[in-house]
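Here are my notes from going through this one, in numbered points. Have the viewer open while you read.

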Amino acid sequence: MKKAGKAFYRSLLSFLALLLVPVMLVWYFSMSYLRDSFRQQYTESTFRSMRSASQNLDEMVRQMYNVGFLLQSRSDILQIRGDSRVCD
């Protein structure tokens, strides 16, 4: 009876080990796929955000340049400043 119990547990343990190996392999590859996918999406999102911020800053600089140019060309604003010359 003891031998039959040991054989049963031994065969159960080997069966579970054989079953566990493919499950662990599937888990490992699925996690690596999900990790790589997340990393790619995060990187693309970061680059899009940085490109958008760069474009926004470029547009703001352009607008500030235009405002400065308009302020220089307006004589009434130059008189308020107390400066009659046009700045470069």
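1. Let me start with a pair along the helix. Arg-62 and Glu-59 sit three residues apart in helix H1, so about one helical turn separates them. Their side chains meet in a salt bridge, with N to O at 2.6 Å. Keep in mind throughout that this is a predicted model.

2. How exposed are the two partners? Arg-62 has a relative accessible area of 48%, so it goes down as partly exposed. Glu-59 comes out at 35% relative accessibility and is partly exposed too. Both values fall between the 20% and 50% cut-offs, which is why neither residue is called buried or exposed.

3. A search of the whole structure gives two salt bridges. Apart from the pair above, there is one between the side chains of Arg-35 and Asp-36, at 3.8 Å from N to O. The cut-off is 4 Å, so this distance still counts as a salt bridge. Arg-35 is partly exposed, at 46% relative accessible area, and Asp-36 is partly exposed at 40%. As general background, side chains of opposite charge can pair when their charged atoms come close.

4. Now the overall picture. The chain has two helices and zero strands, and helix H1 covers residues 2-73. Of the 88 residues in the chain, buried ones make up 3%. The accessible surface adds up to about 8,600 Å², and carbon and sulfur atoms account for 67% of that.

5. Which residue is a buried one to look at? Try Ser-32, in helix H1: its relative accessible area is 14%, so it falls under the 20% cut-off and counts as buried. Its side chain reaches the backbone oxygen of Phe-29 at 2.9 Å.

6. On the surface, there is a nonpolar patch built from Phe-8, Tyr-9, Leu-12, Phe-15, Leu-16, Leu-19, Leu-20, Val-23 and Met-24. Together these residues have about 930 Å² of accessible area. It's worth colouring them in one go, then picking out Tyr-9, which lies in helix H1. At 58% relative accessibility, Tyr-9 is over the 50% cut-off, so it counts as exposed.

7. How many aromatic pairs does a search of the whole structure find? Three. One of them joins two members of the patch, Phe-8 and Tyr-9: the ring centres are 5.6 Å apart and the planes are at 65 degrees, so the pair is edge-to-face. The angle cut-off for that label is over 60 degrees, so 65 qualifies.

8. Phe-38 and Tyr-42 make an aromatic pair of the stacked kind, at 6.4 Å centre to centre with 25 degrees between the planes. The distance limit for pairing is 6.5 Å, so 6.4 Å is accepted. Both residues lie in helix H1, four residues apart, or about one turn of the helix. Phe-38 and Tyr-42 are both exposed.

Key
Residues numbered from 1 in each chain as written. Predicted model: local features only at pLDDT ≥ 70, side-chain atom pairs only at ≥ 80, totals over all residues. Heavy atoms only, no water. Patch = residues over 30% accessible without salt bridge, like charges linked within 9 Å, V, L, I, M, F, W, Y side chains within 5 Å. Areas by Shrake-Rupley, 256 points an atom, 1.4 Å probe, with all protein chains shown as cover. Buried < 20%, exposed > 50% of the residue type's maximum accessible area, 1.4 Å probe, protein only. Polar contact = N/O pair within 3.5 Å; in protein donor to acceptor, adjacent residues only side chain to side chain. Phe/Tyr/Trp six-rings, centres within 6.5 Å; stacked < 30°, edge-to-face > 60°.
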